[in-house]
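Hi everyone, thanks for coming along. Let's have a look at the structure together and walk through a few places in it.

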Amino acid sequence: MAEKNITPDTMMKTYWSGNEEFADFYNAVLFDGEPVIRPEELSELDSDGSIVIERQENAESLHRVRDMIKVHKRTGSSSPVLLGMENQTYICYPMPLRSMGYDHTAYHKEYADNARNLTKNKTLNRHEYLSGMKRTDRFPPVITVVVYYGLDPWNGAVSLRDMLDVPKEYEPFVQDYNMRLIEARCCDLKFHNQNNIHLFDMLRIAFNQDLTWQQARTQVLAYADEHHPEKIVLMMLFSATGLKIDFNKYKKKKEDVTMRSVFDNMIRDVKAEGKAEGRAEGKAEGRAEGKAEGKAEGRATEIVSIYREEGYPDQFILEKLQSKLHIAADQAMEYLLNYGKQPA
């Protein structure tokens, strides 16, 4: 596999596509480590949950692409369960709404598929025909888990109610949606898969705010020297921590990448990145913030263009837009799309 230019999002999807790691993770989250889900019982679904919702006079499309979704069907059982995963490297404040949207789309897709299968059924009564389902039809449940890889503690909402301003007299009548959130930096899940154990052990060290960067480096290296984690774990580690690593650059001719070689070169890259970021910060402050009376759109254009000149990825630029302009993630994404279009 050629690792050059692999994005963190792609690496995370690649890691969790492994049924052994995925099953072990969900067993830890849902069943306290008990092996309820077996790897051979999992099959991957298309993560594009986009659907067309038909109404009486028109139709509209609903576009939802989640990071990953798999079907768990226990041996001898006819009742499957859909397991969805969302990977987050930054705190997304509307995340409960996003997670609920993914689940809703998955349910609606199941309903739409079921309705299509009923069209040839000549025994439907009036209610079944108009409903697009029979009274006895049942759909598989959807369980979504959000995995947050970030240094800062999650301070966003974890339920729909957290996002609502509900008058006290209405509280008993407002439905809620609870998001399942796992923070990689501090979780104490009971893993049995060695890759998961190594990954989350090293993430806890890397994200330990009581350690200096040098102390974290020393401890992660010591852990790697003792346990010899697989290469895919190392790639996932650096992707989850948001560092840009070109693994091809650090390979030796006849040897695979090692933790120490990547970490040592990563330290030099981080220092170089710090200098580059300092230059970019200076340019941004001088060219964007110097226009204190300008509009937010103008500042967004400056920020996007400057960081792209320095070679920073979109995810990094999104975080800068949020912190510098004090805006939400969806607004930052809108600025990035509207004012930061790269030339073809």
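Among contacts in the protein chain between residues at least 6 apart in sequence, what percentage join residues at least 24 apart? It is 62%, where contact means heavy atoms within 4.5 Å.

A quick word on what you are looking at. This is a predicted model, so local features need pLDDT of at least 70 and side-chain atom pairs count only at pLDDT 80 or more, while totals for chains, interfaces and linings use all residues. Residues are numbered from 1 along each chain as its sequence is written, and side-chain values use heavy atoms, with hydrogens and water left out.

Now the overall inventory. The protein chain contains 11 helices and seven strands. These are DSSP runs numbered from the N terminus, helices being H or I with at least four residues, and strands E with at least two. The chain has 344 residues, and 41% of them count as buried. Buried means under 20% relative accessible area, exposed means over 50%, and partly exposed lies in between, using a 1.4 Å probe and protein chains only.

Let's begin with M85, which sits in strand β5, residues 81–88. Is M85 buried or exposed? M85 counts as buried because its relative accessibility is 0%. Leaving out residues up to four places away in sequence, M85 touches W16, F22, F25, Y26, R66, D67, M68, V145 and V147. M85 and K13 are 72 residues apart along the chain, yet their C-alpha atoms are separated by 9.4 Å.

Next, please find helix α2, where N27 is located. N27 is buried, because its relative accessibility is 5%. Setting aside neighbours within four places in sequence, N27 is in contact with D32, G33, E34, P35, V36 and I37. The C-alpha atoms of N27 and L189 are 9.3 Å apart, with their positions 162 residues apart along the chain.

One of those contacts of N27, namely D32, deserves a stop of its own. D32 belongs to the loop between α2 (19–31) and β1 (42–44), and a relative accessible area of 48% makes D32 partly exposed. D32 is not a glycine, but it has a positive phi of about 55°. Why mention that? Most residues other than glycine have a negative phi.

For contrast in setting, here is another loop residue. Q175 lies in the loop between β6 (142–148) and β7 (180–183), and counts as exposed because its relative accessibility is 65%. Not counting residues up to four places away in sequence, Q175 touches L160 and R161. From Q175 to L160 is 15 residues in sequence and 8.4 Å in space, C-alpha to C-alpha.

Now some cysteines. How many disulfides are there? The count comes to zero, taking a disulfide as a pair of cysteine sulfur atoms within 2.5 Å. C187 is in no disulfide, and the nearest cysteine sulfur, that of C186, is 7.0 Å away. C187 is buried, with a relative accessible area of 8%, and C92 is buried too, at 2% relative accessibility.

Let's move to helix α6, residues 213–227. Its 15 residues should span 21 Å at 1.5 Å a residue, and the end C-alpha atoms are indeed 21 Å apart. That expected span is 1.5 Å times one less than the number of residues. Within α6, the residues A216, R217, V220, L221, Y223 and A224 are buried. These buried residues cover an arc of only 160° around the axis, so they are on the same side of α6; the arc is taken from the directions from the helix axis to the C-beta atoms.

After α6 comes H228, with a positive phi near 50°. H228 is in the loop between α6 and α7 and counts as exposed, at 63% relative accessibility.

Last stop: a pair of helices. The axes of α5 (residues 194–206) and α7 (residues 231–240) come within 10 Å and cross at roughly 35°. Axes here are lines fitted to C-alpha atoms, for helices over the stretch in contact, with angles from 0 to 180 degrees between N-to-C directions. Which residues make the contact? From α5 they are N195, H198, L199, M202 and L203, and from α7 they are I232, V233, L234, M236, L237 and A240.
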